[in-house]
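Reader: I should like to go through this structure with you. May I put a few short questions?
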Amino acid sequence: MDTQPEWRTLAAEKRQAILDAIPQQWRIDAPIPPAEELRDVTGSNYIHQFLTPREIEITETDALGITEQTTSGNWTAVEVAEAFCHRAALAHQLVACLHEIFFDAAIEDAKRLDAYYAKHRKPVGPLHGLPVSLKDQFHVKGVETTMGYVGWMGTFQGRRDDLRRGEFESELVRELRALGAVLYCKTSVPVTLMAGETANHIIQYTWNPKNRHLSCGGSSGGEGALIALKGSPGGFGTDIGGSIRIPAAFNFLYGLRPSSGRIPYQGAANSMDGQNTILSVIGPLAPTARSVKLLFKAVLSQRPWYHDPLAVELPWRDDIEQETRALIEESKSDPTKLSFAIMYHNGLTRPHPPVARGLRMVERTLERLGHKANADLQQSKAFTADGGEDARIHFGLSGEVPEWPLLIGREDQKKNALEIAALNVKKREYQKLYMEYWNSTAELTGTGRPVDGLICAVAPSAAVTPGGFNDVGFTSFVNVLDYTSVVIPVTYADKTVDVAPSNNEFFGEVDRRTQAGYDAEIYDGAPVAVQLVGRRFQEEKMLVLAEHIGAEIRNG
């Protein structure tokens with residue numbers, strides 16, 4: 001008689017334990033309609049039936065709106081936490097987006113915040129009473145971190161004898177608590193983190209709540225799906241090749257990929273820890289640009305450079321924010337004050353019709369405003385330098401065998417110290433070339449300055465079908481350059497408009513495969529977004545510009 005491997009049994013037990021952590025009164029008893037009958041589970045036609053009007057009011061307020069209520073005492077931290085715990089529980093049952101649930105601990109934390117406010121008549125901090133979700137890389141006391149590995153269950157990052165197990169907290173977690181945030185869940189990731197879709201043997205596959213035929217993206221995919229379902233007003237993911245921006249784009253969210261060092265990575269779990277050619281960074285995701293700014297600015301107020309040796313001493317710069325707002329105001333009478341470059345393709349792959357239409361919508365918006373829009377600005381080995389050794393070690397803890405596409409190296413790709421040094425030199429030279437290229441755009445803008453930002457796709461497609469993500473070319477160049485990037489939601493795929501082109505001209509085999517993967521019927525309703533890219537450490541400027549452009553797209 002065939003029996004399944006022990007690691008499959010352990011994964012199934014963990015999967016059930018996550019469901020068992022959901023209170024009985026929040027479980028969906030009736031069968032959930034299949035994707036063929038109900039693609040979009042985010043709207044009032046489905047998820048509202050499980051929520052009270054008060055829960056809907058709270059969970060459909062953005063993070064800044066929530067903190068306006070909680071820091072003034074109009075809403076209690078407890079009622080806000082309970083509402084989001086309930087909606088997060090529903091979200092997980094619909095799309096499998098959570099790795100860890102600690103609702104009881106969150107309610108106790110919320111009670112302490114309410115008691116503090118009652119006693120002192122002031123909030124603990126700017127995030128007082130705001131529920132914040134976390135990607136399952138961040139250590140929270142009393143909560144497991146598996147990062148999708150079966151072999152990490154019951155351990156501290158795969159080590160059973162490590163005394164930090166169950167006690168240690170990541171620096172970002174400590175800072176969020178100090179700011180008054182309520183932590184209540186950790187979200188799903190692809191095993192190894194090196195994938196544009198979210199799947200592992202514990203939660204299996206995390207679906208896109210706007211179109212359950214498609215992926216939510218990765219590797220911060222659980223964050224994207226949870227926030228899209230309004231089971232969180234905002235949360236934090238990580239990005240080494242697009243892992244914040246891809247889920248933000250696939251789930252119609254704003255997402256910030258800051259330059260390395262602005263948000264502390266200290267104490268977070270990671271893959272290929274010690275690989276420094278391209279650094280993973282932490283950033284926020286939320287439904288509104290102002291919510292992303294709130295989360296980012298709040299973390300900087302904790303002065304993380306005193307607690308993380310790699311954090312840059314760079315607080316939020318109000319002067320740059322005000323300068324950018326002044327430019328936007330001046331552009332109302334002199335539109336040439338702002339200029340942007342638009343990259344319609346990367347020379348290897350053309351975007352699918354919905355994404356190409358989204359880029360045209362942004363270009364028309366900029367032209368309507370009179371801003372300069374210069375089209376056709378164009379444009380890893382670091383991820384495979386260990387030859388896949390890190391992944392093999394962690395898979396080997398349980399014997400599990402990966403079943404989904406992952407960007408991990410082969411043994412024949414392993415590099416020695418000299419080869420890694422050469423790779424770092426090549427990166428530096430590329431950064432210099434791109435710097436000079438960006439500087440040269442001053443000759444085209446008419447503003448006397450180089451372009452204020454580059455607008456391009458986040459991925460060739462508006463989400464992907466399972467197993468279909470195979471191109472990080474639109475995101476990874478930003479990581480190599482260590483540039484700032486903000487995702488801006490634009491529109492949704494429409495099968496009546498976004499028809500596949502009839503021509504058979506392709507850049508090459510990758511482009512041919514990408515275009516062959518487009519199905520207007522399947523992609524119908526999928527979110528479409530672009531990214532606004534700025535130079536290093538331009539987070540304040542890019543967030544203000546993203547809010548401006550996003551508002552104008554909606555008004556268009």
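Reader: To begin, what volume does the largest cavity have?
Author: This is a predicted model, and in it the largest cavity has a volume of about 80 Å³.

Reader: Which residues lie nearest the centre of that cavity?
Author: Leu193, Met194, Ile240, Asn270 and Ser280 lie nearest its centre, out of 14 residues that line the cavity.

Reader: And how do the residues of the lining divide into nonpolar, polar and charged?
Author: Five are nonpolar, seven are polar and two are charged.

Reader: Turning to the cysteines, how many disulfides does the structure hold?
Author: The structure holds zero disulfides.

Reader: Why does cysteine 85 form no bond with the closest cysteine sulfur?
Author: The closest cysteine sulfur belongs to cysteine 185 and is 7.5 Å away, which is too far for a bond; the pair would have to be within 2.5 Å. Cysteine 85 is also buried, with a relative accessible area of 0%.

Reader: What is the closest cysteine sulfur to that of cysteine 185?
Author: That sulfur is in cysteine 97, at 7.5 Å, again too far for a bond. Cysteine 185 is buried as well, at a relative accessible area of 1%.

Reader: Now the overall fold: how many helices and strands has the protein chain?
Author: The protein chain has 18 helices and 13 strands.

Reader: What is its radius of gyration, set against a compact globule?
Author: The protein chain has 23 Å, in agreement with the value near 24 Å for a compact globule of 556 residues. Its C-alpha atoms fill a box of roughly 60 × 60 × 50 Å along the principal axes.

Reader: Lastly, what share of the residues is buried?
Author: Buried residues account for 59% of the 556.

Note on methods:
Residues numbered from 1 in each chain as written. Predicted model: local features only at pLDDT ≥ 70, side-chain atom pairs only at ≥ 80, totals over all residues. Heavy atoms only, no water. 1 Å grid on protein atoms, 1.4 Å probe; cavity = no way out; pocket = protein on both sides within 12 Å on 5 of 7 lines; lining within 4 Å. Points joined across faces, edges and corners; volume = space filled by probe spheres on them. Nonpolar A, V, L, I, M, F, W, Y, C, P; charged D, E, K, R; others polar. Buried < 20%, exposed > 50% of the residue type's maximum accessible area, 1.4 Å probe, protein only. Helix = DSSP H or I, 4+ residues; strand = E, 2+ residues; numbered from the N terminus. Rg over C-alpha atoms; globule rule 2.2 N^0.38 Å.
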